[in-house]
Structures are given as C-alpha cells and as structure tokens.
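Visitor: I would like to understand how the labels given to a protein model are justified. Could you take me through some of them, one at a time?

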Amino acid sequence: MAQLENLIKFHPEDRTVEVIITRRNGDRHSLLFDEQLWPLLRMWHWHVHAVRHKSSKFYAATYYKGRLILAHWLVMEPFLCDEFPECDHIDPEATLDCRCRNLRVVTRFENMRNQCRNRHNHTVPTRPTFSFITQGNVQ
C-alpha cells in the first residue's frame, strides 16, 4: 500500500534522520538513516515495502527506473566486494533501521542462513547491482 505522507525528523544527538511513513491503512513506520548519508538518500521518495511471505517484515525501499531498490543495499553498496557480495541487518527485527551501525556485509551463505524459507520454498533473488546509482548517474 502506498503511504499518505512522509515526515522527516533530524535527531542531532545520534546524528540520525528519521523518515516517518504513514500508510493508507493508518500504520506508521519509522525509517532510520545516518545523517551523513541523507544528502544521497533524500533524492528518492522512500516507502515501506512489505515482504509477501513474511507478513510482519518490512524494508525501506524506493523505485528507480522501475526497479525496486532496498535502502540497506544502497547504503552498503560501497562496501560490497566479490568476497562479501551481500549485506543484511545485524538486528533482524529492525529492518527499517538502515544506519551503518545496524548493517553488515556478508557472504551469500551467511545471508541465506539468516532468512527463513517462505511457504513455497522459493529462493530469494540475487541482489541487483546499484553501482550505476552510486556513481552519480542519478538525474
């Protein structure tokens, strides 16, 4: 469901930006970002993306050229490499917290170990590469 409004709050005590999303059903969610990353992240309209097979699991997301982009992938893009090609949340219950202190780079095996299988036993698609965004190709 789409949100109705986004409210942005700055928390100088821990250098955090909080984006409060109100969805059409009235639910409110807080997305957390590091203040130093906000100039890059404020270019997009963020929303809460619900994972279909996990009814209570939400991620901070946006769309770019028709592609779904999860915020934690975008934040961690500069730290990914062949040895550690993926990232995940340190606290699996805080998936809307996209601050660097809650993210880590991991191997595919480590990331899959942290995920529960969905009811249809499908694998999770591989992470798309967003280097075209982080290299200044955003219009």
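Guide: Let us start with a definition: a residue is called buried under 20% relative accessible area, exposed over 50%, and partly exposed in between. Please keep in mind that this is a predicted model.

Visitor: Why is Arg-15 called partly exposed?

Guide: Arg-15 has a relative accessible area of 49%, and because partly exposed covers what lies between under 20% and over 50%, Arg-15 is partly exposed.

Visitor: What makes the contact between Arg-15 and Glu-35 a salt bridge?

Guide: The N to O distance between the two side chains is 3.6 Å, and the cut-off is within 4 Å, so the pair of Arg-15 and Glu-35 counts as a salt bridge. The two residues lie 20 residues apart, Arg-15 in the loop between strand 1 and strand 2, and Glu-35 in the loop between strand 3 and helix 1.

Visitor: How do you know that Asp-88 is buried, and what does Asp-88 form with Arg-104?

Guide: Asp-88 has 6% relative accessibility, and buried means under 20%, so Asp-88 counts as buried. Asp-88 forms a salt bridge with Arg-104, with the closest N and O atoms 2.8 Å apart. Arg-104 lies in strand 8 and Asp-88 in strand 7, so the pair ties together parts that are 16 residues apart in sequence.

Visitor: Why does Cys-87 not form a disulfide with Cys-98?

Guide: The sulfur of Cys-87 is 8.9 Å from the closest cysteine sulfur, in Cys-98, whereas a disulfide needs sulfur atoms within 2.5 Å, so this distance is too far for a bond. A search of the whole structure finds zero disulfides.

Note on methods. Residues are numbered from 1 along each chain as its sequence is written. This is a predicted model: local features need pLDDT of at least 70, side-chain atom pairs count only at pLDDT 80 or more; totals for chains, interfaces and linings use all residues. Side-chain values use heavy atoms; hydrogens and water are left out. Helices (H or I, at least four residues) and strands (E, at least two) are DSSP runs, numbered from the N terminus. Buried means under 20% relative accessible area, exposed over 50%, partly exposed in between (1.4 Å probe, protein chains only).
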